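Please consider the sequence and the model shown below. The paragraphs after it offer a guided reading.

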Amino acid sequence: MSAYESDLSQIVYELNRTAPEVKSDQTASLDKLLTLAVEQGASDVILVAGAPVAFRINGSLALATGKPLPADELRTMLLPLLTSAHTKELETERALDFCFVRGAIGRFRANLHYQRGTLAASIRLLPAQIPTLESLHLPPILARLMERKQGLVLLTGPTGCGKTSTMAALIDIINARRRDHIITIEDPVEYQHANRNSIVEQIEVGYDTPTFAQAVRAVLRQNPDVILIGEMRDTETMAAALTAAETGHLVLSSLHTNDAAQTMSRILDSFSAGNQAQLRQQLSLALLAVIAQQLVPAIGNAGLYPAVEIMIATTAIRNLIRTGQDHQMRSLISTGKAEGMMTMDQSLAELVQLRRIDRDTALAHCFHPDELRSHLTRTI
């Protein structure tokens, strides 16, 4: 058993022997858990009644040994984090996303939810410093996109793939290099941006505004230059984002899709069939880029590297969007290196070539194994 697993087990033991009604001791034990998570470089803490406490480190779960947390003690440990409004939302919606600060330990994003009738939590550790593209190992073409004054940039990928960190790094580039009015709409606010050369306002859904869609409609009257929409969750938000991108604003947002073609389908399928021709025209004019990413374990489990697909809205790409030939996008992306484009398979092959990930890991994370093998053969 590793040293941190031993420490984690000791914390679990302390939680189990603490009386549920003694909230101050429960909070102290939560602080010990969070401190250990920070020390061990964990990205997440997962707390489920009847299961071991778990840390996610470099993408893998590390489980504590010993007696799992009982449901009543877990509830007593988590509920002191909530305001009365949070408590009401949790009980009404049966799930809650929020951020909290624990003194000098740091800031955290938490999702509280119910499973099998008991409270559970996934707690994400938020870095104190806003990351840079270099620290995230992302290509410099993304920084060049932030020189544009108008258009829509979409970050896509599964939950936990680093979309929020990437968007924070891009906003920080604008904040440092331009004199703009930046407004972010997030649920919840994760990275806190200080004003540098720009003015940054951060609007939190559920606290500063009821919904993403309402916030986007309102923000257009607030004289922004750059708008970040944490996630395009519904048709109304998508329509408002496109309108903002068409009317002289740089808009950044995210979707849970795996590649550029899937992103087009997701947006179009959110609208009625009668509106899709007009929507394709809007997208062909407003879209600047789609960046799909996933995090891939490094050799020796020594960290995580992003594999990215980058589609730049060239004239040829815009024509495919307008005419509904989304299936041909991959071909243009794969041959668009001069414009800064690459497919996910090309990115994975590059990571193998740089000896950041191994071949088997690349194959496990690719979408087109035959194409990846072809790229790997050419790079040997």
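The account below turns to a sheet, the helices packed on it, a group of aromatic rings and some backbone details.

The model is a predicted one. A convenient starting point is the open sheet, in which 7 strands follow the order β9-β8-β10-β11-β7-β12-β13 with mixed pairing. Its edges are formed by β9 (199-204) and β13 (304-312), each of which pairs on one side only. From one strand to the next, the twist averages 15 degrees. In general, the strands of a sheet pair through backbone hydrogen bonds, in either a parallel or an antiparallel manner.

Strand β10 (residues 226-229) serves well for a closer reading. On one side, 4 bridges join it to β8 (residues 181-186), and the two strands run parallel. Within this pairing, Ile183 stands opposite Ile227 of β10, and Thr184 stands opposite Leu228 of β10. There are also 4 bridges between β10 and β11, and these strands likewise run parallel. Leu228 has Leu252 as its bridge partner in β11. Leu228 therefore takes part in the pairing of β10 with β8 and in that of β10 with β11, given that two strands count as paired when at least two bridges are found between them. The side chains of β10 point in two directions: Val226 and Leu228 one way, Ile227 and Ile229 the other, and all are buried.

The connection that follows β10 can be traced next. Together, β10, helix α8 (residues 235-246) and β11 make a β-α-β unit, and this unit is right-handed.

Two further helices can be placed against the sheet. What does helix α6 (residues 163-177) touch as it packs there? Its contacts are with β7 (151-156), β8, β9, β10, β11 (250-255) and β12 (287-297), and the direction of α6 makes about 170 degrees with that of β11. Helix α13 (residues 344-353) packs on the sheet as well, touching β12 and β13, and its direction makes about 145 degrees with that of β13.

The aromatic side chains provide another theme. The structure holds 2 aromatic pairs. The ring centres of Phe98 and Phe100 are 5.8 Å apart and the planes stand at 35 degrees, so this pair is tilted. The rings of Phe100 and Phe108 have centres 5.3 Å apart and planes at 20 degrees, so that pair is stacked. Through these ring pairs, Phe98, Phe100 and Phe108 are linked into a cluster. Phe98 is buried, with a relative accessible area of 1%; the value for Phe100 is 8%, and Phe100 is buried too. Phe108 is also buried.

Arg94 combines a ring contact with a backbone feature. It is located in the loop between α4 (84-93) and β4 (95-102) and lies over the face of Tyr114, at 3.8 Å from the ring centre. Its phi is near 65 degrees, a positive value in a residue other than glycine. With 39% relative accessibility, Arg94 counts as partly exposed, because that class lies between the limits of 20% and 50%.

His137 offers a second case of positive phi, near 60 degrees, again in a residue other than glycine. His137 is found in the loop between β6 (118-126) and α5 (141-145) and is partly exposed, with a relative accessible area of 35%.

One peptide bond also deserves attention. Asp187 and Pro188 are joined by a cis peptide bond, with omega about -5 degrees, and Pro188 lies in the loop between β8 and β9. For context, most residues other than glycine have a negative phi, and most peptide bonds are trans.

Terms used: Residues are numbered from 1 along each chain as its sequence is written. This is a predicted model: local features need pLDDT of at least 70, side-chain atom pairs count only at pLDDT 80 or more; totals for chains, interfaces and linings use all residues. Side-chain values use heavy atoms; hydrogens and water are left out. Axes are lines fitted to C-alpha atoms, for helices over the stretch in contact, and angles run from 0 to 180 degrees between N-to-C directions. Contact means heavy atoms within 4.5 Å. Buried means under 20% relative accessible area, exposed over 50%, partly exposed in between (1.4 Å probe, protein chains only). A crossover is right-handed if, with the strands pointing away from the viewer, the path from the first strand over the helix to the second runs clockwise. Rings of Phe, Tyr and Trp (its six-membered ring) pair if their centres lie within 6.5 Å; planes under 30 degrees apart count as stacked, over 60 as edge-to-face and the rest as tilted. A charge sits over a ring if NZ of Lys or CZ of Arg is within 6 Å of the ring centre and within 35 degrees of the ring normal.
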